[in-house]
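Me: I'd like to learn how to read a protein model feature by feature. Could you walk me through this one?

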Amino acid sequence: MRLPLELPKLPTGRFSRERLTPSPRARRPRAPEGLSAAVVGGGLAGMAAATVLAERGLRVTVLEREPFLGGRVAGWREHLADGEPFDMERGFHAFFRQYYNLRALLRRVDPRLERLRRLEDYPILGPGGSVESFSHLPALPPFNLIGLVRRSASLRLGDLRHIDFRSGLAMLAFDMERTYATFDHRDAREYLDSLHFPPHARRMLFNVFSHSFFNPEEEMSAAELLMMFHFYFMGNPEGLVFDVLDESFSAALWHPLRRYLEERQVRFRLGQSVTTVAPRGEGGFRLQVEDGEPVEADAVVLATSVPALQRIVSDSPGLLDAGGRAKISALALTSPFAVWRLWLDRPTAPGRHPFVGTTGLGVIDNISLYHLFEGESRRWAARTGGSVVELHAYGLPLEADEEAVRRELLGALHQLYPELRDARTLEERFLYRRDCPSFAPGSFRERPTVETSSPRVALAGDFVRLPIPTALMERATTSGFMAANHLLAGWDTQGEEIWSVPRTGLLAGLPLPGVA
């Protein structure tokens, strides 16, 4: 298809973030005296909800089944073979600039965001030495897209003749209602096939992106993928680079945030698992805790993993109506992922990037050099002369063999970073997990929202359906803020401001051919 000579005039005012005012009719700055809330789950969603509720004056109890906070971005203390302590985590996490609500949570303990360090680039490495870079691109869409296509070595001018631009325009015409109505029944692979990108260009420009959400393309909603394109690229006014924490999650976020909340009278019960939540006849709820004292509260936020939520709701028959129970029961998990952290006896070559994405090289999806950005690893490397390297693989088959995954990851590392081929592994930690939510085709309308049939029970987590484009850590945090706002509105109390990238794409609503 030939490119049109002139696009329709672009709507104005879509290049900046948007604010959602919570409960505009709420009058109280603080909740009425004596109210209490129980937050089940101490990850980003639960801690975000606990923060807002405690700041509005509620007595909050956070119950977390693990002995540490963080959920899927947790950090916990372990020891190397020589006895040196270190903070282990579930893998590298990027703080993109449009993670407005996550950054608002972090500002509670780091007002100037001094713990965040900007990465200048995160190259994509592919077969045969191919590289794509995201540095020095224009920040605003669609100029970021134009800049990327113009300088991409993976896309030649002649390739443009074969691309289906009508399908591609769906990326620029994102709208929550229309995009999900049109594309949610299709899978992401089918949509990417419809673009007719050359295989190498698709691999370098799209595959890394789609793999980053843990869901395999053939098992992921095309609408969800288009929302991700909008959130990270086509509707993101902050640019494509991101920041990283300069210390571990435990040191930079979880320990300070726990202290912040304890100063506001929040009680933490770690290592305790909630079994049931039952409404009390006189109002409020009673939470039964395995091997622990029960908790009573006026309101409840359920911010657990999907399996834990399903178990609690199934064992609490009077908590939600049949429709809410059915939606929670229908939630599913996506494919497993692996994280392998290596402490090696030699350094990486000068000039290596702290983080790179990979594609077309087997199961490996990215490589993080922790000694180049994280303080604890940097200090270890300075003392020993070694390096701390982390390898990720997403969307693994359910029957994946751990040893085969290790061999493939290590082979890719040696291919890309040959200076490490003869390195000796001094220490290692290998994590294999399957606990990320699935975003399967056709599932959007059936996912639960923050609100439930009970006005005093709210859900939070990255599995919930939200009214704004958001993803990963930002989706979890936003859901926690929204859960708290929902409960506070019932007491006529002002909630937390919610920020979002523009909620519609540049061409949303325009009569473009082939775009619903």
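Me: Let's begin with a strand pairing: which residue in S15 does Val39 stand opposite?

Reply: Happy to help, and keep in mind that this is a predicted model. Val39 faces Val301 in S15. The pairing around them links strand S2 (residues 36-40) with strand S15 (residues 299-302) through four bridges, and the two strands run parallel.

Me: Where do S2 and S15 sit in the sheet order?

Reply: The sheet is open, has five strands and reads S11-S3-S2-S15-S21, with parallel pairing. Strand S11 (267-270) and strand S21 (457-459) are the edges; each has a single partner strand, so one side of each lacks a neighbour in the sheet. From one strand to the next, the twist averages 15°.

Me: Now helices. How are H1 and H14 placed relative to each other?

Reply: The general idea first: a packed pair is described by the angle between the helix axes and the distance between those axes. Here, helix H1 (residues 44-55) and helix H14 (residues 472-489) have axes that come within 7 Å and cross at roughly 35°. The crossing of H1 past H14 is right-handed.

Me: Which residues make that contact?

Reply: On the H1 side they are Leu44, Ala45, Ala48, Ala49, Val52 and Leu53. H14 contributes residues including Met473, Ala476, Gly480, Phe481, Ala484 and Leu488. By class, the contact of H1 with H14 has 12 nonpolar residues, four polar and no charged.

Me: What about empty space: how many cavities of 30 Å³ or more does a search of the whole structure find?

Reply: In general, one rolls a probe the size of a water molecule over the atoms to show where empty space is left. For this model, the search gives five cavities of 30 Å³ or more. The largest cavity has a volume of about 100 Å³. Its lining includes Arg72, Phe213, Phe214, Asp462 and Arg475, and the lining divides into seven nonpolar, one polar and three charged residues.

Me: And which residues are closest to the centre of the second largest cavity?

Reply: They are Glu89, His93, Leu245, Phe249 and Phe373, out of 13 lining residues. The second largest cavity holds about 90 Å³ of space, and its lining has seven nonpolar, three polar and three charged residues.

Me: Last one: what lines the second largest pocket?

Reply: This pocket has about 370 Å³ of space. It is lined by 27 residues, with His211, Pro216, Tyr394, Gly395 and Leu396 closest to its centre. Helix H7 (residues 199-211) gives the most to this lining, with three residues. The classes are 10 nonpolar, 10 polar and seven charged.

Technical notes. Residues numbered from 1 in each chain as written. Predicted model: local features only at pLDDT ≥ 70, side-chain atom pairs only at ≥ 80, totals over all residues. Heavy atoms only, no water. 1 Å grid on protein atoms, 1.4 Å probe; cavity = no way out; pocket = protein on both sides within 12 Å on 5 of 7 lines; lining within 4 Å. Points joined across faces, edges and corners; volume = space filled by probe spheres on them. Nonpolar A, V, L, I, M, F, W, Y, C, P; charged D, E, K, R; others polar. Axes fitted to C-alpha atoms, helices over the stretch in contact; angles between N-to-C directions. Left-handed = near helix turned anticlockwise from the far one by under 90°. Contact = heavy atoms within 4.5 Å. Pairing = 2+ DSSP bridges.
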